[in-house]
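Please take the following questions in turn, with the conventions behind each value given where they are needed.

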Amino acid sequence: MPVDIAKLTSISETSCNISRTSLPAVSATNELYTMNKLCRQVSIESPGAVVKNCVFNFFVPIEDTPACGARIKIVCAGACYRRRDRTASISSMSSVASDLSDYCTSIASSQSSPAHTGIREGSLFPGFEVAGVIESLGSEINEGNNCDLHIGQRVIVYPFEELPAGYAELLVVPDLKYVVPIPDHLPMSVAAMLPTGALLAMNAVFKAHDVVMEMLKERSSEEKESKKKCKILIVGTGGLALWTVRIASYHFASTGADNYTDITVASLRDEGFRLATEMKSVSVVQWNECLYEPQLIERTQNMCSGPVNVVIDFGTTSRSLHRSLHCLSKAGVVLISEEVAERLLPKFSRLLSGTQQKIIPIPTGSIEQLRDLVNLVAEQKIQPPPYSVFPYEQTSEVIQKLCNSEIPGRAILRFRDIE
């Protein structure tokens, strides 16, 4: 529970020195906010060979409720990561666990941990997939501007710019427009997965649909008469890819696009292969990293009956993207998250210059899409991927299990039990 700073003469720390903690900066727009409470927060640093304990617990100041905003009691938070210097760079940690060392190396020079050289700084694991209840509303909120929200209501938070860390007991939201209500029958553990990974997956599916429609318009008369389907390849079996498969299956069926599209999943792990095969009308090809690249490309094209038209790639590595491009048709499109695009596009710009292929970055998605996603999941039109819920006290064990691919689907941390 939050505690009054005035009543504290000292703060006991768990497994870390409080001087290592990056306290939230107060922007110019927040100058009038006061911080008269502390709340417990969990910080996660990158696991690695030299880091035995990557999870730390400490107290941080929490702002008073903004006049036009709300303060949220966090109930559940998805184990995810997000680059602090990006607005929409969000991804499931389980999607990148197997590639974590490759990712850490690429940013270690600019954002290394002050405690562990070459290891990603803990603020990169702040937890942005959160669900909770409204603890308080701002002083200027009334019946005319409360967006039909009230104290005690179950909500999730859209990932806005400067979103505070979510691995904490409380989260301050400056404006109610970022707060999305959820139905009482929707489990908090499921709702916590929606604001980032699932929303990015939905936006990727919508973009893929737009790309497919443009390709169909550009087809010749003979190609249109042949009614040849557009082929979509989804790469990865972490939380992002599993959400993408489920959302794509529903979206294409509900819009009639399944009549002119085929979906194949390129699974990166044995565990993901089993999960992906649970989906009907979806083909699966396993990308075994022990095989040579030409073998994997040939295997994929055989499964897809030739090159594919669109790839939604959540693999996060240069090797994965390079393989996706080789599986792609001459005028095909690869969709990747904005964060991955920032890191990988410079490496592939020269390769793409002599082709008609494109790599398109995908942002997280809009708050309107998030509201629609909540309704679709609540109405069970879209089923969430497998997930496991753990008390936040077990965060260390959860991170290690994620890195060893021992947790199927998503991992959810529970801060309090209200259900």
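Q: By class, how many residues of each kind are in the lining of the second largest pocket?
A: The model is predicted, with local features needing pLDDT of at least 70 and side-chain atom pairs pLDDT 80 or more, whereas totals for chains, interfaces and linings use all residues. Residues are numbered from 1 along each chain as its sequence is written, and side-chain values use heavy atoms, without hydrogens or water. With Ala, Val, Leu, Ile, Met, Phe, Trp, Tyr, Cys and Pro counted as nonpolar, Asp, Glu, Lys and Arg as charged and the others, Gly among them, as polar, the lining divides into 7 nonpolar, 7 polar and 11 charged residues.

Q: Is helix 4 roughly perpendicular or oblique to helix 11?
A: Helix 4 (residues 194-217) packs against helix 11 (residues 367-378) at an angle of about 100 degrees, and their axes lie 10 Å apart. Angles of 65 to 115 degrees count as roughly perpendicular. Helix 4 is therefore, relative to helix 11, roughly perpendicular.

Q: How do the residues in the contact of helix 4 with helix 11 divide by class?
A: Helix 4 contributes L194, P195, A198, L199, M202, N203 and F206, and these meet Q369, L370, L373, V374, L376 and V377 of helix 11, where contact means heavy atoms within 4.5 Å. By class, these residues divide into 11 nonpolar, 2 polar and no charged.

Q: Which residues are the closest to the centre of the second largest pocket?
A: The space in the second largest pocket comes to about 600 Å³. Of its 25 lining residues, those closest to the centre are M215, N309, S329, A331 and G332.

Definitions and conventions: Axes fitted to C-alpha atoms, helices over the stretch in contact; angles between N-to-C directions. Helix = DSSP H or I, 4+ residues; strand = E, 2+ residues; numbered from the N terminus. Parallel < 35°, antiparallel > 145°, perpendicular 65-115°, else oblique. 1 Å grid on protein atoms, 1.4 Å probe; cavity = no way out; pocket = protein on both sides within 12 Å on 5 of 7 lines; lining within 4 Å. Points joined across faces, edges and corners; volume = space filled by probe spheres on them.
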